[in-house]
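Please find below some notes on the model, set out as numbered points. They follow the strands, the cores, the rings and a few backbone details.

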Amino acid sequence: MDFETLRDRALAFRDELLARKEKIAPTDFGWYPYDTMANVFHLDALLSGSRREVFDELAGTRVADIGAADGDFGFFLAQELGCSVDLVDNAPTNFNGLRGARRLVEELAADVRVHEIDLDSQFRLPAEHYGAVFFLGLLYHLKNPFFVLESLARHARLCFLSTRVAQVAPDGTRLRDQPVAYLLDPAEANDDATNFWIFSETGLRRLFDRTGWEVLDFTSVGCREDSDPRSPDRDERAFALLRSRRS
């Protein structure tokens, strides 16, 4: 299946899921408010060559959606590709304490299981091996990204990853070509104390290499000139498809 077909199926699934969510809207909590299915557009821009058919390899396999919010993309993979899906997130920092994901498990009856795991304090995934892990928008929320990526490389063949990156520090110092990371103050970057490390692109690529990953595809979106780690209008996001050298 070419990625254009997968993208169209994902967008149709999004519309159906949004309608279902509206119909069963809970009164004791709110759904995650952002469109996580929109990542399919970024994956469309990311994947090149033979990798545009990579989801054919994942059909029917076990995958993990880590930092999954309500798990929308994971439910798509389960219902449309027959994947067995582990939704992994830390309930205290999840938007609704994972109640949204659990409500959808009840509603959709898909092959999806919800797991509460704090990746910073205990890295123990539910399965020993995954065809792929989806690690979108999570890396900069981790205190120890090296440990987590190295551990993932032992459990997964592929990793779809996105994270915020920066080309300059807040004072204008050039970061892009240096293998560095900027440690945010709790009041920076949307005043969100769960934000920690913002890597330069060079630093991120070195992190991939040292934790056991080969970069198959890489792109960035958003502010692609003089992005910085804290300004809302200078937000750049890197997307990567990685293949483990250790699993």
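1. In this predicted model, Phe160 stands opposite Leu241 in strand S9. Phe160 belongs to strand S5 (residues 156-165), and S5 pairs with S9 in the antiparallel sense over eight bridges.

2. S9 also pairs with strand S8 (residues 213-222): nine bridges join the two, again in an antiparallel arrangement. Here the bridge partner of Phe218 is Ala240 in S9. S9 itself spans residues 236-244 and is mostly covered, with seven of its nine residues buried. In a regular strand the side chains alternate between the two faces of the sheet.

3. The two phenylalanines named above fall into separate cores. Phe160 is among the residues with the most contacts inside the largest nonpolar core, which has 45 residues; the others named there are Phe55, Leu77 and Phe134. A second, separate core holds 31 residues, including Phe218, Ala127, Leu139 and Ala156.

4. Which residues does Phe55 touch, leaving aside those up to four places away in sequence? The list is Phe3, Leu6, Leu43, Leu47, Phe73, Leu77, Leu81, Phe134 and Phe160. Among these, Phe73, Leu77 and Leu81 are buried residues of helix H4.

5. H4 (residues 72-81) is mostly covered, eight of its ten residues being buried. Besides the three just mentioned, the buried set comprises Asp72, Gly74, Phe75, Phe76 and Ala78. The helix is followed by Gly82, which has a positive phi, near 70 degrees.

6. The structure holds eleven aromatic pairs. One of them, between Tyr32 and Phe95, is edge-to-face, with 6.0 Å from centre to centre and 85 degrees between the planes. Tyr32 lies in the loop between helix H1 (3-23) and helix H2 (39-46), and Phe95 in the loop between strand S2 (84-89) and helix H5 (99-108), so this pair ties together parts that are 63 residues apart in sequence. Tyr32 counts as partly exposed, at 27% relative accessibility.

7. Ring pairs also link Phe3, Phe13, Phe55, Phe73, Phe76, Phe134 and Phe160 into a cluster. Phe55, Phe134 and Phe160 in that cluster are also among the residues with the most contacts inside the largest core. Phe218 has a charged neighbour: the charged end of Arg205 sits over its ring, 4.1 Å from the centre.

8. Where do the cysteines stand with respect to disulfides? The count comes to zero disulfides. For Cys83, the nearest cysteine sulfur is that of Cys159, 15 Å away, whereas a disulfide requires sulfur atoms within 2.5 Å. Cys83 counts as buried at 1% relative accessibility, and Cys223 is buried too, with a relative accessible area of 14%.

9. Two alanines deserve a look at the backbone. Most residues other than glycine have a negative phi. Ala69 has a positive phi of about 55 degrees although it is not a glycine; its place is in the loop between strand S1 (62-66) and H4. Ala109 likewise has a positive phi, about 50 degrees, and lies in the loop between H5 and strand S3 (112-116).

10. Are these two alanines buried or exposed? Ala69 is buried, with a relative accessible area of 8%. Ala109 counts as exposed, at 66% relative accessibility.

Terms used. Residues numbered from 1 in each chain as written. Predicted model: local features only at pLDDT ≥ 70, side-chain atom pairs only at ≥ 80, totals over all residues. Heavy atoms only, no water. Buried < 20%, exposed > 50% of the residue type's maximum accessible area, 1.4 Å probe, protein only. Core = buried A, V, L, I, M, F, W, Y, C linked by side-chain atoms within 4.5 Å. Contact = heavy atoms within 4.5 Å. Helix = DSSP H or I, 4+ residues; strand = E, 2+ residues; numbered from the N terminus. Phe/Tyr/Trp six-rings, centres within 6.5 Å; stacked < 30°, edge-to-face > 60°. Lys NZ or Arg CZ within 6 Å of the ring centre and 35° of its normal. Pairing = 2+ DSSP bridges.
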